[in-house]
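New to this one? Let's walk through it by asking how each label is earned.

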Amino acid sequence: MTALDRAWPALLAARDAAAEPTAAPANLRGAGRRLWASYVEFLTRGSSRPVVLAHLGASLDGRIATESGHSTWVTGQADLVHMHRLRALADAVVVGGGTAAADDPQLTVRHVAGRSPVRVVLDPRGTLPDRLRVFRDTPPATLWLRSSQRTAPIGVEVVQLRVEHGQFDPRDVLAALSARGLRRVMIEGGGRTVSAFLAAGLVDLLHYCVAPVVIGSGRPALVLPEIATMNEAIRLRATIIPLGQDRLFVCHLGGDPQVSREAAREGPRARRASTSDPR
Ligand SMILES: NC(=O)c1ccc[n+]([C@@H]2O[C@H](COP(=O)([O-])OP(=O)(O)OC[C@H]3O[C@@H](n4cnc5c(N)ncnc54)[C@H](OP(=O)(O)O)[C@@H]3O)[C@@H](O)[C@H]2O)c1
């Protein structure tokens with residue numbers, strides 16, 4: 001058991017009491033201490049809308065799955081445990097229709113102690129079958145976001161949202177979650193869903209884990225509207241945390257496109273401000 005495993009109940013208690021977590025235990029050092037800080041940031045970040053943390057596990061060449069949609073696993077066991085910790089801290093965990101169809105995920109907390117968040121499935125096409133595990137194995141509760149009503153299994157609420165060009169507006173998704181008291185949201189993929197929230201300026205924290213694996217083709221992690229010069233690229237403040245052979249980039253976006261633009265203007269200064277410790 002690691003020092004972070006021993007400290008974990010204090011974070012769960014802070015979550016349940018909606019209180020500031022206690023200071024990091026003195027024996028928590030290196031990667032464990034920085035992971036703790038990333039969890040505290042997710043717990044305490046304030047916003048007038050739900051706070052959004054997006055996680056992706058990518059290859060060196062920026063892919064999250066093969067072309068056929070196979071993605072178990074891109075990153076290693078330590079990132080899997082990290083994702084389960086994030087689920088346990090979140091009020092809601094969101095996936096896109098492509099992920100629900102390809103992975104049939106459970107989206108529950110199993111690798112650490114903690115309660116499972118409300119599961120949210122985006123199904124703008126309205127094509128997902130109700131035999132998927134998120135719809136069949138309840139509790140925890142599931143919100144099934146669709147453009148039209150339908151009967152749903154017990155424990156599943158169908159939420160009707162407007163669809164434009166085949167997609168939901170990410171702001172409508174957050175408004176639907178906020179209306180149900182879900183204030184801390186984890187988006188677990190896929191790439192198109194995270195990209196849509198990022199393009200809308202609605203991601204506050206991006207946890208992007210890179211594994212030393214090359215897929216060489218397949219589903220991309222992030223695809224945003226085309227830019228002409230590097231000045232327009234989104235440069236992020238990042239803390240880099242080793243997770244076994246993988247590297248987790250904890251990126252702070254502020255959920256405000258202005259922050260990204262300021263980081264871009266700062267350029268090398270912002271890059272120097274990021275921390276890297278290979279221990
Ligand atoms: N490595 C990771 O961290 C990670 C995390 C999550 C998922 N994944 C992998 O990423 C892939 C999915 O990501 P993605 O970017 O392609 O999609 P996504 O973000 O999960 O979902 C977005 C879009 O999927 C499309 N879609 C495709 N098939 C669908 C279906 N049967 N029913 C409903 N919608 C469907 C819909 O768009 P259109 O109607 O426009 O086609 C939907 O809006 C999967 O292979 C999954 O295994 C990897």
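Here are some questions and answers on this predicted model.

Q: Why is Leu 161 called buried?
A: Its relative accessibility is 14%, and the cut-off for buried is under 20%. Leu 161 therefore counts as buried.

Q: Where is Leu 161, and which residues does Leu 161 touch?
A: You'll find Leu 161 in the loop between strand E6 (156–160) and strand E7 (163–164). Setting aside residues up to four places away in sequence, Leu 161 touches Leu 145, Arg 146, Ser 147, Phe 168, Asp 172, Val 173 and Ala 176. As for Asp 123, it is 38 residues from Leu 161 in sequence and 9.9 Å away in space, C-alpha to C-alpha.

Q: What makes His 82 count as buried or exposed?
A: Buried means under 20%. His 82 comes in at 0% relative accessibility, so it counts as buried. This residue lies in helix H3.

Q: How do you know that the side chains of His 82 and Tyr 39 make a polar contact?
A: The distance is 2.7 Å, and a polar contact needs N or O atoms within 3.5 Å, with one able to donate a hydrogen and the other to accept it. The side chains of His 82 and Tyr 39 make that contact. Leaving out neighbours within four places in sequence, His 82 is also in contact with residues including Leu 35, His 55 and His 207.

Q: Why is helix H3 said to be largely enclosed by the rest of the structure?
A: Eleven of its 13 residues are buried, so that description fits H3. Among them are Asp 79, Leu 80, Met 83 and Arg 87.

Q: How does the reach of H3 compare with what is expected?
A: Helix H3 (residues 77–89) reaches 19 Å from its first C-alpha to its last, close to the 18 Å expected at 1.5 Å a residue.

Q: What makes the pair formed by Arg 125 and the ligand a polar contact?
A: A polar side-chain atom of Arg 125 lies 2.6 Å from an oxygen atom of the ligand, and the limit is 3.5 Å. Backbone atoms take part too: Gly 69 has an N or O atom 2.9 Å from a ligand oxygen, and a polar backbone atom of Gly 191 is 3.1 Å from one.

Q: How much of the ligand does the protein cover?
A: The protein covers 85% of the 930 Å² of accessible area that the ligand has on its own.

Q: Which element gives the largest share of the shell around the ligand?
A: That's H4, with six residues. By class, the shell has eight nonpolar, 13 polar and six charged residues.

How values were computed. Residues numbered from 1 in each chain as written. Predicted model: local features only at pLDDT ≥ 70, side-chain atom pairs only at ≥ 80, totals over all residues. Heavy atoms only, no water. Areas by Shrake-Rupley, 256 points an atom, 1.4 Å probe, with all protein chains shown as cover. Helix = DSSP H or I, 4+ residues; strand = E, 2+ residues; numbered from the N terminus. Nonpolar A, V, L, I, M, F, W, Y, C, P; charged D, E, K, R; others polar. Expected span 1.5 Å × (residues − 1). Buried < 20%, exposed > 50% of the residue type's maximum accessible area, 1.4 Å probe, protein only. Contact = heavy atoms within 4.5 Å.
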